[in-house]
Amino acid sequence: KPIPTCAGGRPFSWQYALYSGAVFAYQMIHLLFLAGFDYFMKIDGDLTFGGPFPVDIGADMRQRGCVVGHAAIHGSGDCEARNLEALLAADQALGWPKPKSLHHNWCNEEGRGEKGNLMFFGNFEVYKTKGFLLSPEIQSISRYMYEEWENGYYTHRWGDQGPFVMYVCQMLDAPNLETDPKICSYAEHRESGLIKH
């Protein structure tokens with residue numbers, strides 16, 4: 001069995017790779033009860049808040065027409081290696097069109113078709129369910145990336161960051177993740193110290 005390894009060669013346990021990535025990026029988004037909710041929100045257990053959150057995130061995202069919510073965008077590293085390659089293989093195998101953001105560098109680093117160069121920091125993420133996470137496209141792609149692709153979760157320790165940014169790459173034509181109107185940033189609350197890690 002491969003040892004999940006990334007972050008400059010650091011090995012991770014299978015339990016960590018499973019919980020940090022596969023549970024959130026694949027298994028939970030296939031639970032039937034998720035259809036009863038408008039948004040799927042992931043917050044790490046070691047995240048704390050300095051006070052009450054000033055907005056209802058679901059209501060705020062709905063009002064602003066956002067599909068994705070986040071509190072930080074970071075550069076992608078070897079922990080997300082080959083995530084675009086996996087997405088492109090899924091599209092070809094499943095008959096889906098090419099990713100809508102394939103021509104943007106954040107999704108397709110230097111046009112190589114191997115990986116993206118950005119990712120949403122996984123300790124605070126929000127995704128619309130209907131029309132995005134629960135779409136047949138993402139449901140089948142996420143299944144392929146976990147069940148069929150052998151070089152992701154347990155080779156590079158994709159975690160919850162490698163797959164989710166590729167779901168966005170597939171579904172949104174977003175030239176800039178920082179300014180796209182369908183992507184809500186809550187980074188000011190991290191910068192103010194309300195969101196603490």
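In which sense do β3 and strand β8 pair, and over how many bridges? In this predicted model, β3 and β8, the latter spanning residues 124-128, are paired in the antiparallel sense, and five bridges join them. One of the residue pairs in this ladder is formed by Tyr 39, whose bridge partner in β8 is Lys 128.

The pairing of β3 with β8 belongs to an open sheet of four strands, arranged in the order β3-β8-β5-β9 and mixed in its pairing. The edges of this sheet are occupied by β3 (39-43) and β9 (183-185), each of which has a single partner strand, so that one side of each remains without a neighbour in the sheet. From one strand to the next, the twist averages 15 degrees. On the other side of β8, β5 is paired with β8 in the antiparallel sense over three bridges, and within this pair Gly 69 stands opposite Val 126 of β8. Strands of a sheet pair through backbone hydrogen bonds, in either a parallel or an antiparallel manner.

The sheet is also accompanied by a helix: α2 (residues 57-64) lies across β3, β5 (68-70), β8 and β9, and runs at about 130 degrees to β3. Strand β8 is mostly covered, four of its five residues being buried.

A separate packing arrangement concerns two further helices. Two packed helices are described by the angle between their axes together with the distance between those axes. For helix α5 (residues 136-147) and helix α6 (residues 162-171), the axes come within 11 Å and cross at roughly 140 degrees. Because angles over 145 degrees count as roughly antiparallel and those from 65 to 115 as roughly perpendicular, α5 and α6 are therefore classed as oblique to each other. The crossing in which α5 passes α6 is right-handed. On the α5 side, the contact is made by Glu 137, Ile 138, Ile 141, Ser 142 and Met 145, whereas α6 contributes Pro 163, Met 166, Tyr 167, Gln 170 and Met 171. Classified by residue type, the contact of α5 with α6 comprises seven nonpolar, two polar and one charged residues.

Notes. Residues numbered from 1 in each chain as written. Predicted model: local features only at pLDDT ≥ 70, side-chain atom pairs only at ≥ 80, totals over all residues. Heavy atoms only, no water. Axes fitted to C-alpha atoms, helices over the stretch in contact; angles between N-to-C directions. Helix = DSSP H or I, 4+ residues; strand = E, 2+ residues; numbered from the N terminus. Parallel < 35°, antiparallel > 145°, perpendicular 65-115°, else oblique. Left-handed = near helix turned anticlockwise from the far one by under 90°. Contact = heavy atoms within 4.5 Å. Nonpolar A, V, L, I, M, F, W, Y, C, P; charged D, E, K, R; others polar. Pairing = 2+ DSSP bridges. Buried < 20%, exposed > 50% of the residue type's maximum accessible area, 1.4 Å probe, protein only.
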